[in-house]
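Visitor: Please give me a close look at a single part of this structure, and then show how that part sits within the whole.

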Amino acid sequence: MRAILPVLCAVLGCLCEAAAEDSPLALPATKDVRVTFYPAEAEFNGGRSPRLRTSNIKLNAGEAILMDFDRAAVAAFLEKNKARQVSAKLVLVSRGLRHGSSAKVEVAALDTASDWVEGEQAQAAAAKGEPTFKAAQHETKAWTTPDGKEVANLRDLFYDSAMDTLKTLLNENSVTVRTADSEKPVEVELDAKFLEHLAKAPACKGLIVFNRDRSMLSDFYSREHDTHGPKLVLTARDAAAEQAEAKK
């Protein structure tokens, strides 16, 4: 009997741990677009590009990334786990840096009344209806604020250049990507308010990934890569289990 008790305790411990945490839900990006601010390429579409890039959005040669996930699945996960502690992280795989050794990459909400698709041009002139720096739908629909007001371009939608502040919701966490991270995943923790906004805000149409860090170029794999594309990973844990772990 004494020999059996340790085994039973171990089994019960494993069962309690399994009950405290479900398997993470990993959602691949449903679309992602590389957007260049450079005037000669401002009407290019970067859908299906194998390389996504962030570059200082303060500059005319800046670049940002648009991406979206199954937001209905995120909302359903939050509803299912409303009594539990949910954590979320955006996972990107770095393709390396240029012009320096590190870059601070940030995430903001793409809040707009303009719907958008990915497009297919992989950094060439946009076809009608594809997103660019200048328009949510080339030749069809401008980028607009959540209340429908047209803006000149994507940067004017989410960033105030004069004040260096965000016009849409900024995730409170960022990630510093370093040279040593090349070909490795990097993670941005999404705060609870931001995750709720992504899942439920009617005007939210996805995420904007960017940097405003010197002249740094930070490259990532797009969803065109079978295993290295962007993904959103959600995990739910019981609050009691979190407290117990914190006391260990």
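**Asn153 and its surroundings**

Guide: A polar atom in the side chain of Asn153 is 3.1 Å from the backbone nitrogen of Arg155. The same residue, Asn153, also has a side-chain polar atom 2.8 Å from the backbone nitrogen of Asp156. Both are polar contacts (pairs of N or O atoms within 3.5 Å; within protein, one atom must be able to donate a hydrogen and the other to accept it, and residues adjacent in sequence count only if both atoms are side-chain atoms). The model is predicted, with local features requiring pLDDT of at least 70 and side-chain atom pairs pLDDT 80 or more, whereas totals for chains, interfaces and linings use all residues. Residues are numbered from 1 along each chain as its sequence is written, and side-chain values use heavy atoms, with hydrogens and water left out.

Asn153 belongs to the loop between strand S10 (141-142) and helix H3 (154-158). Helices (H or I, at least four residues) and strands (E, at least two) are DSSP runs numbered from the N terminus. With a relative accessibility of 12%, Asn153 is classed as buried; the class covers values under 20% relative accessible area, with exposed over 50% and partly exposed in between (1.4 Å probe, protein chains only). Leaving out residues up to four places away in sequence, Asn153 touches Phe133, Lys134 and Trp143, where contact means heavy atoms within 4.5 Å.

Two of these partners lead to Thr132. Thr132 is located in the loop between strand S8 (124-125) and strand S9 (135-137), and its relative accessibility of 1% makes it buried. The side chain of Thr132 reaches the backbone nitrogen of Lys134 at 3.1 Å, and Lys134 is also touched by Asn153. Trp143 is another shared partner: it is touched by Asn153 and by Thr132. Beyond four places in sequence, the contacts of Thr132 further include Val35, Ala42, Glu43, Phe44, Asn45, Ala126 and His138.

Phe133, the remaining partner of Asn153, takes part in a ring pair. Rings of Phe, Tyr and Trp (its six-membered ring) pair if their centres lie within 6.5 Å; planes under 30 degrees apart count as stacked, over 60 as edge-to-face and the rest as tilted. By this rule there are three aromatic pairs. The rings of Phe37 and Phe133 have centres 4.4 Å apart and planes at 20 degrees, so they form a stacked pair. Phe37 lies in the loop between strand S2 (31-36) and strand S3 (44-45), and Phe133 in the loop between S8 and S9, so the pair ties together parts 96 residues apart in sequence. Phe37 and Phe133 are both buried. Elsewhere, ring pairs join Phe158, Tyr159 and Phe210 into a cluster.

The nonpolar cores come next. A nonpolar core is a set of buried Ala, Val, Leu, Ile, Met, Phe, Trp, Tyr and Cys residues joined through side-chain atoms within 4.5 Å. The largest has 37 residues, of which Met67 and Leu90 touch the most other members. Helix H2 (residues 71-80) gives this core its largest share, five residues. Phe133 belongs to a second, separate core of 21 residues, which also includes Ala42, Trp116 and Ala136. Trp116 is in turn one of the residues touched by Met67; Leu90 is another.

Within H2, the buried residues include Ala73, Val74, Ala75, Phe77 and Leu78. The buried residues of H2 pack against strand S1 (25-28), strand S6 (85-98), helix H4 (192-200) and S17. At the N-terminal end of H2, Asp70 acts as a cap, with a side-chain oxygen 3.2 Å from the backbone nitrogen of Ala72.

For the protein overall, the secondary structure comprises five helices and 17 strands. Of its 248 residues, 48% are buried. Among contacts between residues at least 6 apart in sequence, 76% join residues at least 24 apart. The mean pLDDT (the predictor's confidence in each residue, from 0 to 100) is 91, and 88% of residues reach 70 or more. Residues 1-20 stay under 50, and the model has seven contacts for them beyond four places in sequence.
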